[in-house]
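Ready for a few exercises on reading a protein model? Have a look at the structure below, try each task on your own, and then go through the solution step by step.

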Amino acid sequence: MGFIKMSDFSRAARAYWLASVCAGALIVAWALSRVLAFTPAQGLELLALSSFVVVSTFLRIRLPNTNACITAGDAFVFLGAILLGTPAAVLLAALDSSVNSLRTHKRATSWLFSPATMSLTVLASSSAFYATLANCYGYTRAAVGSTTPAFEQLLVALSAMAVAHYLTNGALIGALYALKTRRSVFKFWHDQYLWTSCAFFVAAVAAGLMYQAIQTLGLLYVLLSLPVIAATFTTYKIYFERMSEKSREAEELARLHLATVEALATAIDAKDQTTHCHVRRVQIYAAGMGKILGLSHNDIEALKAGALLHDIGKLAVPDHILNKPGKLTAAEFERMKVHTTVGAQILERIDFPYPVTPIVRHHHERWDGLGYPDALRGEEIPWTARIFAVVDCFDSVREDRPYRRGLSLDEASALLIRGAGTHFDPQVVELFLKHLPEFEREITERGLDQHGFTNSEADARALVEEGSAVLSPTHPHFAPPDYLEQIKNAHREVYALYEIAHAFGASLDVEDRCAALVNKVGHVVPFDTCAIYLYDPLKNYATVTHVTGRNAELLRERCVAPGEGVIGFVLANRRAASAFDPMLDFRDLALPAGERYRSMVALPLVKDERLLGVIAVYSASLDQYTDDHQRLLDTVARLASDAFAHALHHAETESNALTDALTGLPNARALHIRYEEEEARAKRTGASFQVVMLDLDDFKQVNDTFGHQIGDQMLREIARLLQDQLREYDFLARYAGDEFVAVVQELTEPQVADLRLRIERAISRFSLRVHPEAHARVGISVGAARFGEDGESLSALLIAADQAMYSVKSDHKRRRARPALPPEPVTEPLADDLATTAIN
């Protein structure tokens with residue numbers, strides 16, 4: 001039996017098939033043994049009926065919208081049972097089924113199973129025929145052959161025969177279907193076998209009429225009338241074929257309309273990052289709940305269509321609201337709520353044969369009356385909307401979105417339980433959770449579960465199941481449709497760019513913006529390492545300001561000059577680079593053994609011809625970044641350029657606000673800020689600090705004698721000299737006019753005195769040459785005050801330092817009577833192109 005292929009049969013189906021074939025073979029053998037005892041006249045009748053059966057197989061009529069066919073073969077089988085008995089009917093049925101199987105099936109299993117089951121069927125139906133005649137009218141098999149029963153008696157017996165034939169044949173075939181597919185016998189009977197009953201009853205009536213005609217007119221007249229019967233039968237065949245063709249055209253048109261609606265609806269759902277599988281799962285949940293609650297066929301179809309169309313109104317909701325992470329504002333939520341009414345208004349223009357619009361309008365109503373748009377409460381909400389609210393919420397929260405992870409099945413179930421009686425109809429929640437395992441099994445069988453397939457694979461599988469795909473998933477040239485993924489990617493791109501722009505607006509700090517940029521770039525472009533280089537035009541090199549990913553520690557604070565590596569090329573040419581070997585940027589770094597980057601993209605950050613830096617991404621897995629990657633990164637670079645330009649401008653403005661424009665030292669405002677920091681540190685640690693007041697002597701005389709430009713130059717030089725006498729972490733500010741203030745930490749009194757002496761000596765030895773024969777020079781008075789001892793506010797300490805400085809000035813006046821040491825020669829040429837500066 002190697003030619004009999006049964007790979008799709010379960011073990012139980014194989015056993016059932018074998019038992020049926022063996023039983024059918026035994027019945028055929030029994031019938032043959034009985035037929036061999038026929039008289040020549042009976043043999044001729046059997047031969048004539050066999051010819052009619054074979055011819056009738058070529059004149060089949062398929063009923064529109066079903067798989068059922070009408071042939072004259074059953075009528076001749078029934079006529080054989082009346083004229084020649086059960087054995088002849090069994091052989092005629094086996095012959096009819098064998099010819100039909102050979103013409104319509106290509107598998108040996110069907111060639112053997114169909115005749116076997118038909119033999120069993122006719123044995124049962126013929127026995128029912130004779131049992132009815134015997135029990136109801138007292139006719140035996142011999143009596144039927146010698147006398148003609150009344151026509152009404154014959155019809156009753158033939159009706160019993162047709163019923164037995166229909167039930168037996170349906171049970172035998174349905175059982176094999178159920179064992180093969182693990183689905184219910186009822187489903188097969190309803191979908192494939194329901195309408196065949198009419199064919200059997202018509203055949204029974206036709207057999208009765210032919211039998212009556214033979215008994216009344218004779219076989220010759222009946223044979224002469226066969227051409228007329230054949231012509232009539234052919235007319236009906238042509239009529240039914242045309243009806244079937246029209247029906248197929250209407251079905252195909254309806255399927256195309258539904259497919260068009262489905263494609264557009266799923267494309268709209270993709271805008272909300274909803275997968276096509278979500279729609280399919282919701283259809284299964286909703287239709288199952290509709291059947292459990294005993295809803296009408298139209299309501300169940302409405303639920304299926306509602307799964308596709310319930311969010312069509314989101315066309316009126318902006319993307320940034322649909323995909324916003326976190327809670328919506330009151331205004332945003334009001335805008336979101338319009339999708340129910342807009343969707344209902346769209347669908348009201350379409351004359352659906354089932355009530356879809358109420359689902360779309362009311363699927364956000366709440367059981368407690370706090371929903372929208374009409375604030376319906378309890379049973380005021382349509383059944384279909386109540387069902388849909390539960391199943392859509394359950395599946396939606398289980399899907400991953402860009403701004404949150406999906407919930408597990410248990411977490412989603414708990415969410416429904418918490419919402420029962422407030423958000424949802426408690427009866428619907430209870431029934432849904434009770435039958436959830438059944439729904440999940442069906443979803444898994446169809447490959448639509450949350451994690452069983454990728455979206456595109458599941459979409460393709462669903463299409464193949466519907467017969468909408470040309471190729472099956474196992475076909476070597478099968479390519480799953482990815483249009484939904486492309487739509488979702490487009491909206492993810494918009495959302496990611498919106499997030500980047502939003503992140504840039506959260507802070508004006510350059511470091512913060514670098515961190516935000518690197519964190520968000522991964523949402524649009526894959527990378528293993530991402531680095532932001534910021535360019536310093538004064539130092540003429542770029543420094544890695546922020547880096548993330550592999551080897552980040554090696555790149556952190558790395559400096560690159562124009563022309564050095566790929567980044568240097570981008571800096572020097574202000575052009576993007578993607579075709580270079582990324583290892584050029586890592587040649588001086590000690591990468592781990594075997595570590596190698598295969599591709600990169602680096603783009604300049606430029607704003608109004610000002611070079612700000614470079615953004616670079618490196619990948620160890622991609623052979624090359626695609627054009628789409630480069631396009632997205634270019635968009636990100638433009639956003640980053642604007643953001644960094646604003647941040648740098650803000651930093652410069654802030655710096656200018658705290659800097660003295662003439663000397664470059666911090667100004668009085670910066671002094672107050674620094675004092676507050678030192679005061680807080682001192683109170684926190686118990687350490688002290690000194691405020692040192694420095695006042696130039698005879699500075700007015702320099703201005704009056706040599707002019708304000710020389711005075712400005714003098715202030716700049718004095719600022720430089722003072723800064724040189726202080727430590728790097730000490731603070732020096734120009735306080736006002738010719739006054740400077742220093743904040744110094746952790747100095748003892750002797751150290752403060754030494755600092756005062758060094759400053760006085762440095763200033764007294766300095767002179768500014770105005771021209772070969774004239775020098776300008778100033779003196780300085782220094783006073784110091786300690787925090788805590790002399791005061792606890794800046795003003796108090798400045799007063800104390802000023803008083804200390806006043807006593808020093810008095811000492812200076814007393815010492816001026818004595819000759820001063822000659823100043824050391826200093827050559828400080830005055831620049832010819834001194835810029836005009838603020839008058840001190």
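Let's start with a term you'll need: a cavity is a set of grid points where a 1.4 Å probe fits but cannot get out, and its lining residues have an atom within 4 Å of a point. Keep in mind that you're looking at a predicted model.

**Exercise 1. Find the cavities and describe the lining of the largest one.**

Step 1. Count them: the structure holds 3 cavities of 30 Å³ or more.

Step 2. Take the largest cavity, with about 50 Å³ of space in it.

Step 3. Go round its walls. The lining residues include His362, Glu365, Arg366 and Trp367. Further along the chain, Ile381, Ala385, Arg386 and Ala389 belong to the lining too, and so do His423, Phe424 and Asp425.

Step 4. Which helix gives the largest share of this lining? That's helix H16 (residues 383–397), with 3 residues.

**Exercise 2. Get an overview of the whole protein.**

Step 1. Tally the elements: there are 29 helices and 13 strands.

Step 2. Ask how much is tucked away. Of the 840 residues, 45% are buried, with buried meaning under 20% relative accessible area.

Step 3. Look at the outside: the accessible surface is about 42500 Å², and carbon and sulfur atoms account for 57% of that.

Step 4. Check how far contacts reach along the chain. Take those between residues at least 6 apart in sequence: 65% of them join residues at least 24 apart.

**Exercise 3. Work out the layout of the sheet that contains S6 and S7.**

Step 1. Write down the strand order, S5-S4-S3-S7-S6: that's 5 strands in an open sheet with antiparallel pairing.

Step 2. Which strands sit at the edges? They are strand S5 (559–560) and strand S6 (599–607), each pairing on one side only.

Step 3. Begin at the S5 edge. Strand S4 (residues 541–549) is joined to S5 by 2 bridges, and Thr543 has Cys559 in S5 as its bridge partner.

Step 4. Now jump to the other edge. S6 and S7 pair over 9 bridges, running antiparallel, and Ser599 stands opposite Ser619 in S7. The two strands make a hairpin with 2 residues between them, and Asp608 in the turn has a positive phi of about 50°.

Step 5. Is S6 mostly covered or mostly open? Mostly covered, since 7 of its 9 residues are buried.

Step 6. Add the helix. H23 (residues 565–573) lies across strand S3 (529–536), S4, S5, S6 and strand S7 (610–619), and runs at about 150° to S7.

**Exercise 4. Do the same for the sheet that contains S8.**

Step 1. Read off the order: S9-S10-S8-S13, an open sheet of 4 strands with antiparallel pairing. Its edge strands are S9 (731–736) and S13 (779–786), each with pairing on one side only. From one strand to the next, the twist averages 25°.

Step 2. Zoom in on one pair. Strand S8 (residues 689–697) and S13 share 8 bridges in the antiparallel sense, and Met693 has Gly783 in S13 as its bridge partner.

Step 3. Which helices go with this sheet? Helix H25 (residues 668–685) lies across S8, S9 and strand S10 (739–745), at about 135° to S9. Helix H28 (residues 749–764) packs on the sheet as well, touching S8, S10 and S13, and its direction makes about 165° with that of S13.

How values were computed: Residues numbered from 1 in each chain as written. Predicted model: local features only at pLDDT ≥ 70, side-chain atom pairs only at ≥ 80, totals over all residues. Heavy atoms only, no water. Buried < 20%, exposed > 50% of the residue type's maximum accessible area, 1.4 Å probe, protein only. Contact = heavy atoms within 4.5 Å. Areas by Shrake-Rupley, 256 points an atom, 1.4 Å probe, with all protein chains shown as cover. Pairing = 2+ DSSP bridges. Axes fitted to C-alpha atoms, helices over the stretch in contact; angles between N-to-C directions. 1 Å grid on protein atoms, 1.4 Å probe; cavity = no way out; pocket = protein on both sides within 12 Å on 5 of 7 lines; lining within 4 Å. Points joined across faces, edges and corners; volume = space filled by probe spheres on them.
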